[in-house]
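Biologist: I'm new to this one, so could you walk me through it?
Modeller: Gladly; let's have it on screen and take your questions as they come.

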Amino acid sequence: MLMKNRIPSMLCFLCAQLGLITLSYSGIAQGQSAHLEGNTLILPVVTAADKAFRIEFSLEANTTPLRISLISAVELGSPDSIDISNANSFSGSTLSLPDISVEGASFRADFTLINQDPLIFQLVDAAENSNSAPGNPPNACARPEQDLSHGPDNPAVISGFSVDPSKIQDGGPAPDGIPPLTNPQFTQNLELAGIFPDSLVVGVKVGDDVRAYPHQILDWHEVVNDTFTVDDQQQQMTLSYCPLTGSAMMWKGFAQSTNKTFGTSGLLFNSNLVMYDRETNSLWSQMLEQSIRGSAVLDIPEKVQVVETTWQTWQAMYPETILMTENTGFSRPYGTYPYGSFRTDQSLIFNVDNSNDLRLHRKARVLGINVGDSSKVYPVADFGDSVSLIQDQVGGMDVVAAGSSTQNFAVLFNRQLEDCTTLDFTPVQNQLPIVMTDNEGTQWDVFGHAVSGPRTGTKLEKTNSYIAYWFAWTAFFPGTEIN
Amino acid sequence: MAIRYLASSLLLLSSLLFSQVQAATCSCAGVPLLSAIDSSSTEPGDFFFNYTTEFHEMSDLVEGTKDIRDESNRERSSISQVVSSTYGLADRWSVSGLLSYVEHSRSVGTSFLGEQGTSGLGDAVVLLRYTPLYITPFSRHEVSLGVGVRLPVGKDDAGGLIVQSEDMQPSVGAQGEILWSSYSYAFNQAATLQLNLSTNYTFNNEENDRNYSFGDEFNFAVGISQSIGTRFGYSAGLRYRTTDADERNSFEIPNSGGEWLDFVPAIQYGVTDDLTISLSGRVPVARDLEGALQFSTSYSYAFSMTYAL
């Protein structure tokens, strides 16, 4: 009884410690289904005594039984104003999750409190719910599943390849002849960085770590194996940029991989970068986001969202950013674009599929998305000068694209939340990185994070989308619709 | 006859050094073709057989005229074997034929992946020559003109399931047409000291199966050759070479084409009256290459022997 009374105050105490806002909950229906986002366990509603909280826990690595530690807690208000049926609850020393969604299946789980400061729980019981059907999350609305890669759904693997090897071309340089960078140097002295305001960068935000990778360096290296600190742990991530297709990705390796670094294979598929992983030497198509040959064939990398934009815009978004420097250990003419007029003219250096699709200029930068069999692109130049939004449906998925042609960025999110709420957005000007606000009053940044309002702390689901040159997108995904 | 022999011998030496037609390689020309065809004057019924092997290291990285330090321990080389023969058809007319076998290899020392290599039959060349003027005791000038064709008889899809890049193929994979000429001047009546000039132009208008065509190529060489006694000879010269950019589907390929100036020394020894051997080399003097960065010649050396029937 004593503990039961202490938990709400304990959570509020932690709210205060974390500097979080105690929200006045307006009675809007919230989904109560607990779910995982990476290593974060999100509990949209937890009832404790006479209060309701939104809580996020971090899964502690390599703990058996599993332990979870508190990241954040936001008081939502009185449970009386919230639909708390089937909600997660805390009573005594037990945290009960009746419906936790893990990879499409529903489980129940009970945790017991083992430490109060910091607040740590340990798993004591878990079982799959009888009404759980794999692939159909509990409380499922008609929410299309995300494609994890852009590769074909059921590719045949022939002679070890999941794609036609005759369409893989040798680019000329030997493997790693375009030398990847490993743990590059960054600078905070941005005024001396030697980068023009309108130069494009690939921006990454991992926790509070904000980094920019200039195209003018990536043009010469294409792969950057970098290390971030996540939850006090070093985590290897690989940023890749293909200058021939204008596409950038960041991967966290792939399942079961221990060496999560990649190299440049010297090969191209549809003129696009083919990497190899340094654990199995398997080949990986960047734009398919899938291994296409080797023991990892058909494996899919874990991805991290990137934002491509101008250096000026990125700095406006994140003044605290650090910038990768030209002190790479390699002598390259970083001020010179390696491929002449390629990025502006109609030329192709390598043969690609569907090269006659000239609905757009071959080098038009487009933000593309694939959902199921549907594919659509949003030309970056077609966004307004100020931040503008396109609310759309692709393959049954409600999406919102936010972008600006002048500020030269475009991002795309699923605007239907896990609780089946479909949000309506309006653009926000002059508050970068905030780009939009929804009909509930939440403001969202360019990475899809809710930064203020009732859904603060939540994140829009990133769609499987990225920017590429039009010729490359239509080579990979013929029949793509143009917005 | 001795003078004619000496003159022919020196012209053979000059031919080894001063002419080159590109086989499948990067812009820096990895495989000598025309240089393996002797340019010595040939009497009706004469038959020369030549074998040349060359090692060509192409690991330099060049930005325009500037060498770039490459920290990745890159190795890129070709070894070519070329056999050729020349037959005197009639007075002042001769025909030469050539066949090549080429091995390419490349590696990057810092890579987790190993060395890659290709090999196979390379291109063939047929060259018809007319020599209106010979060096004789009564004439110190020799002029020779030729037309030829480069035939893509070799392998241009090496690499297995993934075909390797054009510069790793033994053969260009497309026909080319050749114009060729040479001029020699004997400084003395014995013709033991000569000035040699040579030019050739190759038209590369055809695409290979991957819609790729190498750029047209022009070579000009100038040098001095001298015989010492009846067996030894040496030569030294400069060779200028320029190529247009390569193309695919008529779009220019960035970082291809440029100008090269090489120093080309050689020594020669007549083992018998019929058998001559030579060693030659090539080192860059200057270059001005198109685009942001190109591989280029570090050095090459060749061994050659010619047998006269």
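Biologist: How many bridges join S15(A) to strand S16 of chain A, and which way do the two run?
Modeller: Bearing in mind that this is a predicted model, S15(A) is joined to strand S16 (residues 247–254) of chain A by 5 bridges, and the two run antiparallel. Across that pairing, A:Leu239 stands opposite A:Met250 in S16(A). The hairpin of S15(A) and S16(A) has 4 residues between the strands, and A:Gly246 takes a positive phi near 65° there.

Biologist: And which strand does S14 of chain A join?
Modeller: Strand S14 (residues 223–230) of chain A is joined by 8 bridges to strand S15 (residues 233–242) of chain A, and these run antiparallel. They form a hairpin with 2 residues between them, where A:Asp231 in the turn has a positive phi of about 50°. A:Val230 stands opposite A:Gln233 in S15(A).

Biologist: What holds strands of a sheet in pairs, generally?
Modeller: Strands of a sheet pair through backbone hydrogen bonds, in either a parallel or an antiparallel sense.

Biologist: OK, switching to the inside: which residues have the most contacts within the largest nonpolar core?
Modeller: That core has 94 residues, and those with the most contacts inside it are A:Val202, A:Tyr213, A:Val274, A:Val366, A:Leu367 and A:Ala410. Helix H4 (residues 470–476) of chain A gives the most to this core, with 6 residues.

Biologist: Where does this core lie, and why there?
Modeller: It lies between domain 2 (165–324) and domain 3 (365–482) of chain A, because both of them give residues to it.

Biologist: What is A:Tyr213 in contact with?
Modeller: If we leave aside its neighbours within four places in sequence, A:Tyr213 is in contact with A:Val201, A:Val202, A:Leu218, A:Val224, A:Leu239 and A:Met324. Apart from the largest core lies another core, of 25 residues, including A:Ala34 and A:Phe57.

Biologist: Back to sheets: what order do the strands take in the open sheet with S24 and S25?
Modeller: The 4 strands of that open sheet in chain A follow the order S34-S24-S25-S35, with mixed pairing. Its edge strands are strand S34 (465–469) and strand S35 (481–482) of chain A, each of which pairs on one side only. Strand S24 (residues 365–371) of chain A pairs with S34(A) in the antiparallel sense over 5 bridges, and A:Arg365 has A:Tyr469 as its bridge partner in S34(A).

Biologist: Last thing, how many residues does each chain bring to the contact?
Modeller: Chain B brings 32 residues and chain A brings 29 residues. On the side of chain B that touches chain A, the largest share, 3 residues, comes from strand S5 (residues 93–108) of chain B, and by class that side has 13 nonpolar, 11 polar and 8 charged residues.

Note on methods: Residues numbered from 1 in each chain as written. Chains lettered and ligands numbered in written order. Predicted model: local features only at pLDDT ≥ 70, side-chain atom pairs only at ≥ 80, totals over all residues. Contact = placed C-beta atoms within 7 Å. Nonpolar A, V, L, I, M, F, W, Y, C, P; charged D, E, K, R; others polar. Pairing = 2+ DSSP bridges. Core = buried A, V, L, I, M, F, W, Y, C linked by C-beta atoms within 7 Å. Buried ≥ 20, exposed ≤ 12 C-beta atoms within 10 Å, placed from the backbone. Domains from an automatic or database assignment.
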